[in-house]
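I set out to look up one annotated position and then its surroundings. My entries follow in the order in which I made them.

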Amino acid sequence: MSESLARSASAGPESVESGESAEAATLPADRFGSADSDTSVPAASDPTPTATAAMLIDTPTPDESPVPPVSERDRRFMALAQAAAEEARAAGEVPVGAVLVRGDEVIAKGFNHPIGAHDPSAHAEMIALRAAAQAVENYRLPGCELYVTLEPCLMCAGAIMHARIARVVFGARDPKTGACGSVVDAFANPQLNHHTTVIGGVLETECGAALKSFFAERRRASREARAAARGEAHVVASSEAQPGLHAEAHTTTHSEAHAEADPDAGLDAHTDAHADARNEPGPAESL
């Protein structure tokens with residue numbers, strides 16, 4: 001037994017440390033990937049913070065992947081897509097615009113106009129893709145990037161993949177028809193034979209504000225039109241119910257005096273225009 005104690009004493013601190021390391025190798029790793037008990041989080045009673053506590057605070061979890069910053073280049077081309085969207089607004093269409101870029105050159109642009117074109121496929125992305133294919137005389141557009149102010153739908157996503165677009169950058173997200181993750185993620189399917197890189201949320205606030213203002217203005221105009229139609233309908237109904245009152249409201253003092261001498265002579269010339277207006281078909285009658 002004295003020999004064993006002597007061997008332990010002669011082993012020195014290096015043997016002890018190696019023995020602890022061997023024991024630590026058999027322990028399960030903690031959340032930092034280390035089995036060393038010295039790297040675990042210190043107890044709450046330990047008043048001295050350690051480097052491990054700092055590691056716990058600074059180390060991002062897998063779900064907290066950093067968002068890449070928006071480049072000045074992406075901002076510049078998205079601004080051009082916004083300008084195209086304003087052309088759609090001017091035409092009375094939902095303001096969505098797109099530009100197609102090869103390198104640093106804009107080779108095509110498009111804006112949303114399915115109503116005016118009587119074409120359900122006339123989305124901004126589709127118009128830009130068609131124009132670009134004509135410009136380069138090729139239905140494939142490898143290496144090109146598409147900037148659009150609103151998240152593409154499934155139709156546009158399919159065309160983007162067929163055109164072999166390398167990268168899509170969109171502004172506002174579409175919670176109803178978006179095919180880049182909002183509703184479905186058409187570009188995330190690993191079975192596809194072409195994979196497009198997608199970046200969303202570039203100038204998202206500005207692109208979303210343009211859409212919100214358009215729909216707010218359209219709702220306001222619709223309310224005003226309905227109110228005007230109701231007012232015209234009320235006037236027509238009142239004049240038809242009491243034609244004498246309507247005629248008297250538009251006669252002059254002279255015609256009234258003349259009407260006293262000849263009740264049938266003074267009303268015709270001054271009230272013909274109003275009578276014709278009532279007889280013309282208009283918004284009030286269509287209701």
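**Entry 1: the annotated position**

I began by locating Glu125, which lies in helix 5 (residues 124-136). I noted at the outset that the model is a predicted one. The reason for starting here is a record: UniProt, in an unreviewed entry, places the feature "active site" at Glu125.

I then asked whether Glu125 is buried or exposed. Its relative accessibility is 4%, and therefore Glu125 counts as buried, the cut-off for that term being under 20%.

Next I looked up which residues Glu125 is in contact with, leaving aside its neighbours within four places in sequence. The list comprises Ala98, Leu146, Val148, Leu150, Glu151, Pro152, Cys153 and Cys156.

**Entry 2: helix 5**

I checked the dimensions of helix 5. It has 13 residues and reaches 19 Å from its first C-alpha to its last, close to the 18 Å expected at 1.5 Å a residue.

I listed the buried residues of helix 5 as Ala124, Glu125, Met126, Ile127, Ala128, Leu129, Ala132 and Ala133. I recalled that an α-helix has 3.6 residues a turn, so residues three or four places apart point the same way. I then asked what the buried residues of helix 5 pack against. They pack against strand 1, strand 2, strand 3 and helix 6 (154-162).

Helix 5 lies across strand 1, strand 2 and strand 3, and runs at about 140° to strand 2. Just after the helix, I found that Glu137 takes a positive phi of about 55°.

**Entry 3: the sheet**

I turned to the sheet, which is open and has 5 strands in the order 2-1-3-4-5, with mixed pairing. Strand 2 (105-111) and strand 5 (197-199) are the edge strands, each pairing on one side only. From one strand to the next, the twist averages 15°.

I followed strand 1 through its two partners. Strand 1 and strand 2 run antiparallel and are joined by 6 bridges, with Val99 standing opposite Lys109 in strand 2. The hairpin of these two strands has 2 residues between the strands, and in it Gly103 takes a positive phi near 70°.

Strand 1 (residues 97-102) also pairs with strand 3 (residues 144-150) in the antiparallel sense, over 5 bridges. Here Val101 has Glu145 as its bridge partner, and Ala98 stands opposite Val148. I marked Ala98 and Val148 in particular, as both are among the contacts of Glu125.

How many of the residues of strand 1 are buried? I found 5 of its 6 to be so, and strand 1 is mostly covered.

I also recorded helix 3 (residues 72-90), which packs on the sheet and touches strand 1, strand 2, strand 3 and strand 4 (167-172). The direction of helix 3 makes about 55° with that of strand 3.

**Entry 4: the cysteines**

Two contacts of Glu125 are Cys153 and Cys156, and I asked why Cys156 has no bond to the closest cysteine sulfur. That sulfur, in Cys153, is 3.8 Å from the sulfur of Cys156, which is too far for a bond, because a disulfide requires the sulfur atoms to be within 2.5 Å. A search of the whole structure likewise finds 0 disulfides.

Cys156 has a relative accessible area of 0% and is therefore buried. Cys144, which I checked as well, counts as buried at 2% relative accessibility.

How values were computed:
Residues numbered from 1 in each chain as written. Predicted model: local features only at pLDDT ≥ 70, side-chain atom pairs only at ≥ 80, totals over all residues. Heavy atoms only, no water. UniProt positions renumbered as here; feature names shortened; annotations may be inferred. Helix = DSSP H or I, 4+ residues; strand = E, 2+ residues; numbered from the N terminus. Buried < 20%, exposed > 50% of the residue type's maximum accessible area, 1.4 Å probe, protein only. Contact = heavy atoms within 4.5 Å. Pairing = 2+ DSSP bridges. Axes fitted to C-alpha atoms, helices over the stretch in contact; angles between N-to-C directions. Expected span 1.5 Å × (residues − 1).
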